[in-house]
Amino acid sequence: MDGSGVPDVPNCAIEEDSRGPASANGHGLRILSRVIVDTYNEELRDEEGFVGDRASGRAFSAILDDWRERLASTLDEDPFGDTPTGSISKTTLDKLLTGNDTVAAGLVHTAVEEFAHELGTVVRRFLRLEGWCGTERIVIGGGLSSSQIGQLAMGRAQILLAGEGTTLELFPISSHPDEAGLIGAVELAPDPVVAEHDTIVAADIGGTNLRVGIVRIGRSGGVSKGAVWKMEHWCHRDDDPTRDQAVRRLVEMTTKLVERAVAANLDLAPFMGIGCPGLIDEQGAILNGGQNLPGNWQEDGFNLVAALSDSLPRVGGRKPLVALHNDAVVQGLSEVGGMTDVERWGVLTIGTGLGNARFTNRSAK
C-alpha cells in the first residue's frame, strides 16, 4: 500500500492490465481507457501536519498575511489597508505585480517567492514517493493556477527544483480551473457514451465550491474536444450547509441543467461523472480526505452515489449511470489529450487543500 491506501502498482515498469479498458461500472477506478491512475489522495505528513497544506490556497493567504503584518509593524505601512487578506482577489494581486506602487508590488512578489519555495518543497516530497517515481511533468490546477501570481510561483518553483538537479516540468492546467474538473469527467464515461452521445453531465464538488456542468464530448471523443456548454456554480462556503442540504442542492443544479440541455435538443447521455475530494472506494463511498466538505461525507453508511440514485433526473427515460472519482484525478484527466509526449505525469490542485494524482499513459507502453 502507498500513503493513499490505494494498492501499489510498480509505476516504473507498469505492464498492461489484463482487464483491458475500464467499463466505468465502478468508482475510484485505477484503470481507465487511456491512463492508469498510479496513486492519488496522498496525505503526506510531517511534524507540522499535512505537507500538502503548505502549498494550498490557504497557505498562500497565510504567507501574504504574515508579510503584511511585518510590513505594518516595521514601516507602519500596508498597501491593502484594513482589507482582510481573504477578501483580496487574485486579480487585484496580479495587477499589483506590475503596478506603480513599488511597495505593494514588492509585497506580492515576496509572498509569491516564499510560496514558490513551499511548492517546491511539496513537489520534492511527492517525487520521493514510490507512486510518483519517474514523473516527467506535473500540471498545476485549482484557482491559483489561472492567475499571474500562481504561474509565477510555478515558474520559480521549477527553477528552484532545476537548481537542485531535478528535471521536471510544471505547467498550469490548460482548461480554465473552474471547468477542468468537469471536462475530465468525460474520461470516466463508458465507451458507448462517448461514441453515441454529444454531451454528459458532470459535477465538481470542492471544499468551497460546487459546480455542475453540461460537457460537450465531440464526435471524435476524448477530453481534447471537451468543452463546458453551460455551468451552475454555488459557493457553499458562504452558506455553510449541512451535507444533506449540499446533496439536495447538487440535485437541483443537475435537474436545472438537464432541463436546459433537453430544451436545446442536445444529445445528452444518461451518465454523470462526479469529482469529489478524498479516497473513493469501488462502491462510491468516501473513505478519507473529505474533511473540507460541508458536513460529514465519510460517515459510516453514507454513500454519495446511493444518495443521488433516486433523486437525479432521468435522461431519455433512463436513470443516469454515475461514476465517482477523486476531484484531483478528474481535473488531471482533462489533460490526457495533451500528455501524449510523456509517459508518467501528475497533477496538483491548489485549492482549499492540495489535491494530487499521478498517471501513466497506457498508450505509451
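**View 1. A mixed five-stranded sheet.** In this predicted model, 5 strands line up as an open sheet in the order β8-β7-β6-β9-β12, and their pairing is mixed. At its edges sit β8 (227-234) and β12, each of which pairs on one side only. From one strand to the next, the twist averages 20 degrees. Helix α7 (residues 243-263) packs on this sheet and touches β6, β7, β8 and β9. The direction of α7 makes about 145 degrees with that of β8.

**View 2. Two strand pairings within that sheet.** Let's look at how neighbouring strands are joined. Strand β6 (residues 199-205) and strand β7 (residues 210-216) run antiparallel and are joined by 7 bridges. To find your place here, look for Ala 202, whose bridge partner in β7 is Gly 213. Strand β9 (residues 268-276), by contrast, runs parallel to β12, with 6 bridges between them. Here Met 272 stands opposite Val 322 in β12.

**View 3. Edge strand β12 and its surroundings.** Is this edge strand largely enclosed or open? Strand β12 (residues 321-326) is largely enclosed by the rest of the structure, because 5 of its 6 residues are buried. That is worth keeping in mind alongside its place at the edge, where β12 pairs on one side only.

**View 4. A second open sheet.** Another 5 strands form an open sheet in the order β1-β14-β13-β4-β5, again with mixed pairing. The edge strands are β1 (35-40) and β5 (169-172), each pairing on one side only. Here the twist averages 25 degrees from one strand to the next. Helix α4 (residues 148-163) packs on the sheet, where it touches β4 (137-141) and β5. The directions of α4 and β5 make an angle of about 175 degrees. Elsewhere in this sheet, strand β13 (residues 344-350) pairs with strand β14 (residues 354-361) in the antiparallel sense over 7 bridges. One pair to pick out is Ile 350 and its bridge partner in β14, Leu 354.

**View 5. The largest nonpolar core and another apart from it.** In soluble globular proteins, nonpolar side chains tend to be buried together. The largest such core in this model has 66 residues, and those with the most contacts inside it are Ile 200, Ile 274, Trp 297, Leu 304 and Phe 359. Helix α7 supplies the largest share of this core, 8 residues. Apart from this core lies another, of 39 residues, which include Leu 107, Val 122, Trp 132 and Ile 138.

**View 6. The contacts of Trp 297.** Which residues touch Trp 297, leaving aside its neighbours within four places in sequence? They are Ile 205, Arg 243, Ala 246, Val 247, Ile 286, Phe 302 and Leu 304.

Technical notes
Residues numbered from 1 in each chain as written. Predicted model: local features only at pLDDT ≥ 70, side-chain atom pairs only at ≥ 80, totals over all residues. Heavy atoms only, no water. Buried < 20%, exposed > 50% of the residue type's maximum accessible area, 1.4 Å probe, protein only. Helix = DSSP H or I, 4+ residues; strand = E, 2+ residues; numbered from the N terminus. Pairing = 2+ DSSP bridges. Axes fitted to C-alpha atoms, helices over the stretch in contact; angles between N-to-C directions. Contact = heavy atoms within 4.5 Å. Core = buried A, V, L, I, M, F, W, Y, C linked by side-chain atoms within 4.5 Å.
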